[in-house]
Amino acid sequence: MTDVRVECVKGNIAAQPDIDAVVNAANAELLPGGGVAGAIHSAAGPGLAEECRALAPIRPGQAVISSAHNLPNRHVIHCLGPVYGVDEPADRLLADCYRNALLLADRSGLESVAFPAISTGVFGYPLDEAASVAMRAVAEALSSLGSVRLIRFVLFSDQDLVEFREALAHEPGLSGQ
Ligand code: ADP
């Protein structure tokens with residue numbers, strides 16, 4: 001599918017009201033924590049953690065879907081990224097997160113998905129490498145997508161935004177979007 005738009009913006013993953021599903025950079029137990037998980041759970045309210053209890057634990061690379069509770073979206077897709085230097089092979093596990101999240105969104109008939117930079121916070125994945133892995137995984141998943149039409153990366157800082165935009169521009173199959 002070539003009519004999927006991929007974009008990078010600076011912002012807060014918990015404040016993307018025009019998106020069907022936001023992706024949580026989750027922990028294995030799907031509990032509220034810091035960073036992305038903290039922002040998503042505090043905006044969603046305690047019902048999200050309650051629903052997540054039945055879905056946990058998840059493995060690195062896995063993705064599961066829940067409702068969005070008080071978030072302005074339809075769903076949250078929870079991904080467990082690899083801890084850099086611990087969960088190996090890190091690049092394959094990180095790519096699995098993006099692919100599995102996109103396939104889950106697509107199977108649920110969703111049109112738009114927003115990702116944070118999974119694993120690049122407390123899990124320590126170097127941002128430039130993570131950006132390349134993310135863009136390659138998205139490029140490889142495009143041909144499998146039927147309903148997803150918009151993939152947004154939401155970056156927390158100007159520097160992170162620059163890195164992801166560069167990776168997008170350099171990924172064959174995604175550049176020129
Ligand atoms: P992980 O445990 O997978 O490393 P983190 O939540 O610690 O996940 O961080 C992942 C990335 O998301 C980091 O680059 C961090 O700066 C960024 N981040 C933290 N909070 C938010 C937020 N509210 N919206 C978007 N990105 C965020």
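This passage describes the ligand site and the pocket around it in a predicted model. Local features need pLDDT of at least 70, side-chain atom pairs count only at pLDDT 80 or more, and totals for chains, interfaces and linings use all residues. Residues are numbered from 1 along each chain as its sequence is written, and side-chain values use heavy atoms, with hydrogens and water left out.

The ligand has 17 residues around it, each with a heavy atom within 4 Å. Asn12, Val36, Ser119, Thr120 and Gly121 come nearest. By class, the shell holds ten nonpolar, six polar and one charged residues. Here Ala, Val, Leu, Ile, Met, Phe, Trp, Tyr, Cys and Pro count as nonpolar, Asp, Glu, Lys and Arg as charged, and the others, Gly among them, as polar. Helix α1 (residues 35–44) gives the most to this shell, three residues.

Backbone atoms approach the ligand's oxygen atoms. A polar backbone atom of Ser119 is 2.8 Å from one ligand oxygen. For Val122 the distance from a polar backbone atom to a ligand oxygen is 3.0 Å. For Phe123, a backbone N or O atom lies 3.1 Å from a ligand oxygen. Taken alone, the ligand exposes 560 Å² (Shrake-Rupley method, 1.4 Å probe). The protein buries 89% of that area.

The ligand sits in the largest pocket, with more than half of its atoms within 2 Å of the pocket's grid points. The volume of this pocket is about 530 Å³. Its lining has 26 residues, of which Ala25, Gly35, Val36, Ala37 and Gly121 are the closest to its centre. Helix α1 supplies the largest share of the lining, four residues. The lining divides into 15 nonpolar, ten polar and one charged residues.

Technical notes. Polar contact = N/O pair within 3.5 Å; in protein donor to acceptor, adjacent residues only side chain to side chain. 1 Å grid on protein atoms, 1.4 Å probe; cavity = no way out; pocket = protein on both sides within 12 Å on 5 of 7 lines; lining within 4 Å. Helix = DSSP H or I, 4+ residues; strand = E, 2+ residues; numbered from the N terminus. Points joined across faces, edges and corners; volume = space filled by probe spheres on them.
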